[in-house]
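Here is a walk through one protein chain, taken contact by contact. Keep the sequence and the 3D view open while reading.

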Amino acid sequence: MFKKTGSVTDLPRSGRLSVSEATFELVRQSFQRSPTKSTYLASRELQIPQTNLVRVLHKRLRLHAYKVQIIQDLKPNDCPMNRIDVENDYLNRICFSEESTFHVSGTVNMHNVRIWGSENPHVSAQLQRDSPKVNVWCSLMRNRIIVSFFFTEKCINANVYLDLLQLFIAPQLEKFQPWIMFQQNGEPPHWGSLVRDFLDETFPDRWIGRDGPTPCPPR
């Protein structure tokens, strides 16, 4: 270096051009005004390459793209909201329940699985149709988990769910009567007339679900 230039100072290095302060300020103001704007649209509006714009968002502004979460809208007059305000132990009394299906052969989650490499490995995964699966019911309360139940049936209908309520769930929750509240979602097996009749008899005015004393969802 010294022989060529007569100086020990490094020559300018090649690489990405730094983003000017003016460009940085344009990007900052644009997303401050409209944080939901897409990087493609912002790139066209500001006449900035999309790669540079994304680099400013991540490296300089330390911003991240977050997904919008859809949740049930609750109003002040909804029954659960009123009872939570009035009854201090309301949430402690609820037994939350849910069913889920697990494929025992394993499946590939295309949203989460990634393979890092310098080249595309062109990896594929074989999907087995009608793979073995198991349906599981479970419930929990504030300080305990009720024992899980594994269905032998492949499909859950109202009659199968009623058997679960009568032979397994009700005996498990007997020791918490009469103050416990049973919650279930609005799946079709939970909405059968025989199921609702049994819940009305076993948990009178104390079950949460579709067309129940406490509707879930409320509307």
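Five aromatic pairs are present in this structure, which is a predicted model. One of them joins F149 and F168, whose ring centres are 5.0 Å apart and whose planes meet at 50 degrees, a tilted arrangement. This pair links distant parts of the chain, since F149 sits in strand 3 (residues 144-150) and F168 in helix 6 (residues 158-173), 19 residues apart. F149 is partly exposed, at 26% relative accessible area, whereas F168 is buried, at 15%.

Another of the pairs is made by F182 and F203. Their ring centres lie 5.5 Å apart with the planes at 15 degrees, and because planes under 30 degrees apart count as stacked, this pair is stacked. F182 belongs to strand 4 (residues 181-183) and F203 to the loop between helix 7 and strand 5 (207-209), so the pair ties together parts that are 21 residues apart in sequence. F182 is buried, with a relative accessibility of 0%, and F203 is buried too, with 1%.

The rings also group together. F149 and F168 belong to one aromatic cluster with W137 and F151.

Aromatic rings in this chain have charged side chains over their faces as well. R210 lies over the face of W191, at 3.7 Å from the ring centre. R60 takes up such a place over F24, at 4.3 Å from the centre of the ring.

R60 leads on to the charged pairs. Side chains of opposite charge can pair when their charged atoms come close. How many salt bridges does the structure hold? There are three salt bridges.

R60 forms one of them with E21, and the closest N and O atoms of the two are 3.1 Å apart. E21 lies in helix 2 (residues 21-33) and R60 in helix 4 (residues 50-60), so this salt bridge ties together parts that are 39 residues apart in sequence. Is E21 buried or exposed? With a relative accessible area of 53%, E21 is exposed, because the cut-off for that class is over 50%. R60, at 36%, is partly exposed.

Helix 2 also holds the salt bridge between R28 and E25, with a distance of 2.4 Å from N to O. These two residues are three apart within helix 2, about one turn of the helix. R28 has a relative accessible area of 29% and is partly exposed; E25, at 27%, is likewise partly exposed.

E45 and K37 make up another salt bridge, their closest N and O atoms being 2.9 Å apart. E45 is partly exposed, at 47% relative accessibility. K37 is buried, with a relative accessible area of 16%, because buried means under 20%.

Next comes the surface. L91, F96, L140 and I145 form a nonpolar patch there, and together they have about 390 Å² of accessible area. L140, one of the residues in this patch, is placed in strand 2 (residues 133-141). At 43% relative accessibility, L140 counts as partly exposed.

T202 gives a contrasting case. This residue is found in helix 7 (residues 193-202) and is buried, at 18% relative accessibility. What is T202 in contact with, leaving aside its neighbours within four places in sequence? Its contacts beyond those neighbours are A170 and Q177.

The elements named so far can now be placed in the whole chain. How many helices and strands does the chain have? It has seven helices and six strands. Read along the sequence, these follow the pattern α-α-α-α-α-β-β-β-α-β-α-β-β.

Some totals complete the picture. The chain has 219 residues, and 27% of them are buried. Its accessible surface comes to about 16600 Å², with 55% of that area belonging to carbon and sulfur atoms. Of the contacts between residues at least 6 apart in sequence, 57% join residues at least 24 apart. The salt bridge between E21 and R60 connects residues 39 apart in sequence, while the aromatic pair of F182 and F203 connects parts 21 residues apart.

Key: Residues numbered from 1 in each chain as written. Predicted model: local features only at pLDDT ≥ 70, side-chain atom pairs only at ≥ 80, totals over all residues. Heavy atoms only, no water. Salt bridge = Lys/Arg side-chain N within 4 Å of Asp/Glu carboxyl O. Helix = DSSP H or I, 4+ residues; strand = E, 2+ residues; numbered from the N terminus. Buried < 20%, exposed > 50% of the residue type's maximum accessible area, 1.4 Å probe, protein only. Patch = residues over 30% accessible without salt bridge, like charges linked within 9 Å, V, L, I, M, F, W, Y side chains within 5 Å. Areas by Shrake-Rupley, 256 points an atom, 1.4 Å probe, with all protein chains shown as cover. Contact = heavy atoms within 4.5 Å. Phe/Tyr/Trp six-rings, centres within 6.5 Å; stacked < 30°, edge-to-face > 60°. Lys NZ or Arg CZ within 6 Å of the ring centre and 35° of its normal.
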